[in-house]
Amino acid sequence: MKPQKLVRPLVEGLHAYVPGEQPKIPGLIKLNTNENPYPPSPKVIRAVKAAVDGRLRRYPPPTAQALRERLAKLHRCRPENVIIGNGSDELLSMAVRAFVEPGGRCQGFSPSYSLYPVIVKQHGAVWSSAPLKPDFSLPSPSGLRADAALTFVTTPNAPSGRGYAVKDLDALSRSLRGVVILDEAYVDFASADALALGLRRPNVLISRTFSKGYSLCFQRVGYFVGPRDLIGALDKIRDSYNVNGLGQVAAIATLDDLPYYRRNVRRVIETRRRLTAGLGALGFDVLPSETNFLFARPPRFPAKEWLSRLRARKILVRWFDAPATRDYLRITVGTDPEARAVLKAAKAILK
Ligand code: PMP
């Protein structure tokens, strides 16, 4: 009997997304995955602990309704304009399945979040990208195709850290006929946000996450805000209990303590300013950042060599091996002591 192929050819040809490492090295300064350096609010820890009891046997609220209502209030919209995901990554994948026919086209700028082409190819859709300008600002004309079914725009962008003006995002979304996702994962560290476009434009969805500004990567909670019909379409393909119960509890408790998180965001922005200046003084070419990371072209040695030299000093940063990014390091902004350690290590490497 001829053996039957067990895995779809499409899946055999896929390359999985490669997340930043999570190594367990004692004393490591981990600045490679843009996590928040500050812990969740004590109220969040208490709420999660208090929820760990016999109720774990029950299913969580299927649509995370209480959380949707809290977010709707925060963003001055209706719960029907909000959908919660198991991290925003889950919602990005769901958007491909909801809005793109297999074989259809998705697009984004390059470089941006490297997950997009992965989830598009998983769906059997086609990915294309338009290059950003050499300084990573938005090109005009955009170079994007008006007829693509789905367009991803990371704003502020990763890995460049650059923010885009809301008026440019508005003009861009009006120039595209398909769905446009403005991925605002890092917006809490930015000077402006485009949320209003998700409530005003029929084809725009705003993607947000509790992972970055709200120190909650571990719990996996993200959400989209946008037009009811697009949110309703996503809701139809949602797994019945896609957001785990402890994640819902943690996210609601987070919204009960927003001043705590705003304080932490301000601290990260202050550290970002100091780290930018310090690296600049050492000869790094640091792009202006609207995020919790810096994108910097290091002096003297190639960026890849800096990656290993910093690692030898127990500092882990990220390097992306693609033509537009390989001269740069992406460095998460940690605490002030971590920033000082980066500057000290960089000085020693340059000696
Ligand atoms: N969008 C961007 C641009 C990101 O960098 C990340 C984090 N890797 C995400 C979305 C996903 O965040 P999460 O799934 O943790 O909500």
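User: Ala, Val, Leu, Ile, Met, Phe, Trp, Tyr, Cys and Pro count as nonpolar, Asp, Glu, Lys and Arg as charged, and the others, Gly among them, as polar. With these classes, how many nonpolar, polar and charged residues does the shell around the ligand have?

Analyst: The model is predicted, and in it the residues around the ligand are G87, S88, D89, Y113, T154, D183, A185, Y186, T209, S211, K212 and R220. Under the stated classes, Y113, A185 and Y186 count as nonpolar, whereas D89, D183, K212 and R220 count as charged. With the others taken as polar, the shell divides into three nonpolar, five polar and four charged residues.

User: Which residue places a polar side-chain atom 2.7 Å from a nitrogen atom of the ligand?

Analyst: D89 approaches an oxygen atom of the ligand at 3.0 Å through a backbone N or O atom, and S211 brings a polar side-chain atom to 2.6 Å from a ligand oxygen atom, so that both distances fall within the 3.5 Å cut-off for a polar contact. The residue whose polar side-chain atom lies 2.7 Å from a nitrogen atom of the ligand is D183.

User: How much of the ligand's accessible area does the protein cover?

Analyst: The ligand sits in the largest pocket, where a polar side-chain atom of S211 lies 2.6 Å from one of the ligand's oxygen atoms. On its own the ligand has 400 Å² of accessible area, and the part of it that the protein covers is 91%.

User: In the open sheet of three strands, which are the edge strands?

Analyst: The strands of this open sheet follow the order β9-β10-β12, with antiparallel pairing, and two bridges join β9 to β10, which spans residues 293–297. An edge strand pairs on one side only, and this holds for β9 (285–286) and β12 (329–332).

User: What is the bridge partner of D285 in β10?

Analyst: D285 belongs to β9, the strand of residues 285–286, which runs antiparallel to β10 (residues 293–297). Its bridge partner in β10 is R297.

User: Where is the P159 that follows a cis peptide bond from A158, and where is P141?

Analyst: The peptide bond joining A158 and P159 is cis with omega about 5°, and P159 is found in the loop between β5 and α6 (166–175). The bond from S140 to P141 is likewise cis, with omega near 0°, and P141 has its place in the loop between β4 (126–131) and β5 (150–154).

User: What is phi of N34?

Analyst: N34 is placed in the loop between β1 (29–30) and α2 (42–51). This residue other than glycine has a positive phi, near 55°.

How values were computed. Residues are numbered from 1 along each chain as its sequence is written. This is a predicted model: local features need pLDDT of at least 70, side-chain atom pairs count only at pLDDT 80 or more; totals for chains, interfaces and linings use all residues. Side-chain values use heavy atoms; hydrogens and water are left out. A residue is near a molecule or strand if one of its heavy atoms lies within 4 Å of it. A polar contact is a pair of N or O atoms within 3.5 Å; within protein, one must be able to donate a hydrogen and the other to accept it, and residues adjacent in sequence count only if both atoms are side-chain atoms. Accessible areas come from the Shrake-Rupley method with a 1.4 Å probe; for residues, only the protein chains shown count as cover. On a 1 Å grid over the protein atoms alone, a cavity is a set of points where a 1.4 Å probe fits but cannot get out, and a pocket is an open set with protein on both sides within 12 Å along at least five of seven lines; lining residues have an atom within 4 Å of a point. A molecule sits in a cavity or pocket if more than half of its atoms lie within 2 Å of its grid points. Two strands pair if DSSP finds at least two bridges between them. Helices (H or I, at least four residues) and strands (E, at least two) are DSSP runs, numbered from the N terminus.
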